[in-house]
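Subject: Handover of a structure and findings

Dear colleague,

Please find below the structure that I am handing over to you. My notes on what was found in it follow directly after.

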Amino acid sequence: MVREKATAILVDPAEVKEEILKKYPAKVARRRTKQILVNRVQEAEQVPEMLANTRTIPGILTMRGCAYAGCKGVVLGPTRDILQITHGPIGCGFYSWLTRRNQTRPGSDKGTNFMPYAMSTDMQEEEIIFGGEKKLKKAIQEAIDLFHPKAVGIFSTCPVGLIGDDVHSVAREMEEKYPDVNIFGFSCEGYKGVSQSAGHHIANNKVFTDVVGQLETRKEGEFRFNILGEYNIGGDAFEIERITDRCGLTVHATFSGNSEYDEFASAHTADLNVVMCHRSINYMAEMMEKRYGIPWFKVNFVGANATAKSLRKIAAYFGSPALVEKVEKLIAEEMVEVEKVRDDVKSRCEGKVAMLFVGGSRAHHYQELFSEIGMKTVSAGYEFGHRDDYEGRKVIPSIVVDADTRNIEELTVRPDETRYRPRKDDGEIKRLADEGIRFSDYSGLMPEMMNHTLVIDDLNHHEAEILIEKYKPDVFCAGIKEKYVIQKGGVPLKQLHSYDYSGPYAGFKGAVNFYREIDRMVNSKIFRFVKAPWQESPELAGSYGWSR
Ligand code: CFM
């Protein structure tokens, strides 16, 4: 049977919400009702309040990951020459090893690259019972002897916190022995906080206190800036660097796609921070502004129009007419191919419907690419975004700090006595703000979504099933945990974490890749013929036992 096509307009989001909540016990429904919102954008970007960054209700199969994943896998993982040791059982190290498809390109054949290695202390019962610090010291020793790294990061997994191993004292002790190696530990036990978001914060804090500011080297270039929150998944950072190079801009450091230690250590010498993924790295942007006087604003290199807009913002900030001209010339050149493919793809995709449930920023950013080919995003949400990622940073003062958030250290940062240097005076900042650059701000996902869309935090399988049944979307964007359930339900799923072994999707070339990929997916007839086993016999019964 071929599925009927439904348009978003015919679906009442309030009814869908009702249908979702109906199955829940009263207590669960009372909570979830604050996390499933019908979007309504009012004046001054006012939107309904989202209950976000709170614990997942036990028993609900969440899409979220853990704090260790956010710290080791996400923020530090893409850095090629910080030797990273997972202190814990082997699974944590193994499953955080390149599964995110973060890529890197060492400058030369001799350039250091530890990313092909997964290093772990491989804790056993013995260490769980008698402590693992001895084994950790041995591991660091072995790694230094073999690889002679500039820096070593130690990442704590759940058991480390449970048995009380002190990774920080081990780091200090080993650093005394090897004063030329920067050794630092992360208390990023998986259970810290309610999701991987806690791990981002822990990583930001340590990189800020122990790495940034250690070196005063500057890359050559007139317009030097850092890109914060770009992790080079599927080669995104390569495409962004191609574009910025062509414009004559110098990316001093990317936190942390295609990056190396020295770039982090000297990042405080750059003149601007632009933020891609607000959720994972806003802490670093703020701390660098306070200590070194580097202004920041939000950019988005996902989407051709968004890329052009971001480049224009950066050019306006540096204020050089020659740079502005170069940027405009590049945009005009790059848009030729983009528009050709976009218009062709749009003729087949216009009016189709997408849903996005990913992480803490992509569910917002990728809506740009869909709208460029005429597709509507009818429902979206983050796995672990905070209220500011949904509603905009204006709500930060009213966010209630709960025990889980208090668990993560908030650093008090003051201006550096010798190195604090405002990059622009107040008058210039005001002039740029009047021209539309929103410094230290992020508008959030909801103000930029259509009214009557359904915004859902921390989506689960039950809710995804209802969304599919009611909206019959043309494509569903999420991750590997969702992929096959959704596809068996007859809807193609695009992985927006790993890009399904494809990419890049950032920048101009990335936009072209994405248009083509989505065209193939939403216009392929095959999914409509899929019949999942549960469509014919909806309940599967199982029993534990043994039969011969
Ligand atoms: Fe930022 Fe990310 Fe994301 Fe994220 Fe992630 Fe990722 Fe993501 Mo997967 S840092 S919040 S913790 S953009 S790994 S590169 S795709 S969930 S939306």
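Which residues are the closest to the ligand, and how many surround it? In this predicted model, the ligand is surrounded by 14 residues. The closest of these are Arg-100, His-200, Cys-277, Ser-361 and His-497. Sorted by class, the shell around the ligand consists of six nonpolar, six polar and two charged residues. As for the site itself, the largest pocket is the space that the ligand takes.

I turn next to the sheet. Four strands form an open sheet with parallel pairing, in the order S3-S2-S4-S5. Strand S3 (119-120) and strand S5 (182-186) each have a single partner strand, so they stand at the edges and one side of each is left without a neighbour in the sheet. Between strand S2 (residues 82-87) and strand S4 (residues 151-156), the pairing is parallel and runs over six bridges. One residue of interest here is Gln-84, whose bridge partner in S4 is Gly-153.

The cavities are the remaining topic. How many cavities of 30 Å³ or more does a search of the whole structure find? The search finds two.

The largest cavity holds about 180 Å³ of space. Its lining is made up of 17 residues, and those closest to its centre are Lys-72, Gly-77, Gln-84, Met-115 and Tyr-117. Gln-84 therefore appears twice in these notes, because the residue that has Gly-153 as its bridge partner is also among those closest to the centre of the largest cavity. Two elements, helix H3 (67-76) and S2, give two or more residues to this lining. With three residues, S2 gives the most. By class, the lining of the largest cavity has eight nonpolar residues, eight polar residues and one charged residue.The second largest cavity has a volume of about 60 Å³. Which residues line the second largest cavity? They are Arg-32, Gln-35, Arg-55, Thr-56, Ile-57, Ile-60, Asp-458 and Asn-460. By class, this lining comprises two nonpolar, three polar and three charged residues.

Yours sincerely,

A colleague

Technical notes:
Residues are numbered from 1 along each chain as its sequence is written. This is a predicted model: local features need pLDDT of at least 70, side-chain atom pairs count only at pLDDT 80 or more; totals for chains, interfaces and linings use all residues. Side-chain values use heavy atoms; hydrogens and water are left out. A residue is near a molecule or strand if one of its heavy atoms lies within 4 Å of it. On a 1 Å grid over the protein atoms alone, a cavity is a set of points where a 1.4 Å probe fits but cannot get out, and a pocket is an open set with protein on both sides within 12 Å along at least five of seven lines; lining residues have an atom within 4 Å of a point. A molecule sits in a cavity or pocket if more than half of its atoms lie within 2 Å of its grid points. Ala, Val, Leu, Ile, Met, Phe, Trp, Tyr, Cys and Pro count as nonpolar, Asp, Glu, Lys and Arg as charged, and the others, Gly among them, as polar. Two strands pair if DSSP finds at least two bridges between them. Grid points are joined across faces, edges and corners, and a volume is the space filled by probe spheres set on the points.
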